[in-house]
Amino acid sequence: MRILVVEDEKHIASFIKQGLKEEGYAVDVAHDGEEGYFFAGTEKYDLIVLDIMLPKIDGVTVCKNLRKDKITTPILMLTAKDVVEDKVMGLDAGAEDYLTKPFAFKEFLARVRVLLRRKETLVSSKLQVADLVVDLLSHKVTRSGKEIPLTTKEFLLLEYLMRRTGEVVTRTDISECVWDIHFSTTTNIIDVHIHELRRKIDDGYKKRLICTVRGRGYMVKG
Ligand code: CA
């Protein structure tokens, strides 16, 4: 994993670089917007940490230009003040996330991990939990190599649950993301689909991957 840090304040840049290196990431540092834009366009990075206030070209412009150049590397913006306009501007420019300085390195690392993970699932056309594999391109689902036929709705439901592996997913989450806005919450259609999905995915296997979290919702667990 290779990360580009674009930050003109030398002590912050070296603090971030040192911390990321200790976590095992490869890190390059650019000290102004021009250099950052150049590095981001010529080298391959898994993530760019981009300060907004930069000499030569500001971070928001760098971000906009990178997106214009079709460079889709996730960008974590750093803002000096907790100013809403800065955040909105950053996100509008195509950044995935932002963090206000000063920040705790622990929080910074957590954001970095989320963005890198998100990138992996975007790049990869497959989702996998234990021996269950969902191919997002061919829409083929297999468990232990055996193909499991699903309906379109069941597939979408499973994809959604697997994208949030390890998290509790509520019925409201499911209704908003898998069903459309005309969905009536009074019906038990979600439970019916979950029941059917579980029958297909988990029946006959020792390890159940789709779990019920009593009173809260469902969770896919490897
Ligand atoms: Ca700065």
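This passage describes the overall build of the protein, its calcium site, one of its sheets and several individual residues, all taken from a predicted model.

To begin with the whole chain, the protein contains eight helices and 11 strands. Its C-alpha trace extends over about 60 × 35 × 30 Å along the principal axes. Of the 222 residues, 45% count as buried. The surface that the protein exposes comes to about 12400 Å², and carbon and sulfur atoms supply 53% of that area. When contacts between residues at least 6 apart in sequence are considered, 56% of them join residues at least 24 apart. As for charge, the protein carries 36 positive and 35 negative charges, and the mean positions of these two sets are 7 Å apart.

A calcium ion provides a good place to look in detail. Its coordination comes from Asp 8 (OD), Glu 9 (OE), Asp 51 (OD) and Met 53 (O), at 2.1 to 3.2 Å. Read along the chain, these donors follow the spacing D-E-x41-D-x1-M. Two of the residues in this set can be compared by their accessibility. Asp 51 has a relative accessibility of 1%, so this residue counts as buried, the cut-off being under 20%. Met 53, in contrast, has a relative accessible area of 59% and is therefore exposed, as the value is over 50%.

Next comes an open sheet of four strands, arranged in the order 6-7-8-9 with antiparallel pairing. The edges are taken by strand 6 (126-129) and strand 9 (146-147); each has a single partner strand, so one side of each is left without a neighbour in the sheet. Strand 6 pairs with strand 7 (residues 132-135) in the antiparallel sense, over four bridges. Within this pairing, Leu 127 has Val 134 of strand 7 as its bridge partner. The loop between strand 6 and strand 7 holds Ala 130. The phi angle of Ala 130 is near 50°, a positive value in a residue other than glycine. Ala 130 counts as partly exposed, at 45% relative accessibility.

A positive phi is also found at Lys 56, where the angle is about 70° although the residue is not a glycine. Lys 56 sits in the loop between strand 3 (47-51) and helix 3. With a relative accessible area of 62%, Lys 56 is exposed.

Beyond helix 3 (59-68), the loop that leads to strand 4 (75-79) includes Thr 73. This threonine is buried, its relative accessible area being 11%. Apart from neighbours within four places in sequence, Thr 73 is in contact with Tyr 45, Asp 46, Leu 47, Ile 48, Arg 67 and Glu 96.

Two further points of the backbone deserve a look. The peptide bond from Lys 101 to Pro 102 is cis, with omega near -5°. Pro 102 belongs to the loop between strand 5 (97-100) and helix 5 (105-123). At the start of the chain, Met 1 lies in the segment before strand 1 (2-6). Met 1 is partly exposed, with a relative accessible area of 45%. The C-alpha atom of Met 1 is separated by 6.2 Å from that of Ala 26, a residue 25 places away along the chain.

Note on methods. Residues numbered from 1 in each chain as written. Predicted model: local features only at pLDDT ≥ 70, side-chain atom pairs only at ≥ 80, totals over all residues. Heavy atoms only, no water. Helix = DSSP H or I, 4+ residues; strand = E, 2+ residues; numbered from the N terminus. Buried < 20%, exposed > 50% of the residue type's maximum accessible area, 1.4 Å probe, protein only. Contact = heavy atoms within 4.5 Å. Areas by Shrake-Rupley, 256 points an atom, 1.4 Å probe, with all protein chains shown as cover. Lys, Arg positive; Asp, Glu negative; His and termini not counted. Charge placed at Lys NZ, Arg CZ, Asp CG, Glu CD. Donors = N, O, S within 2.8 Å, 3.2 Å for Na, K, Ca; no water. Pairing = 2+ DSSP bridges.
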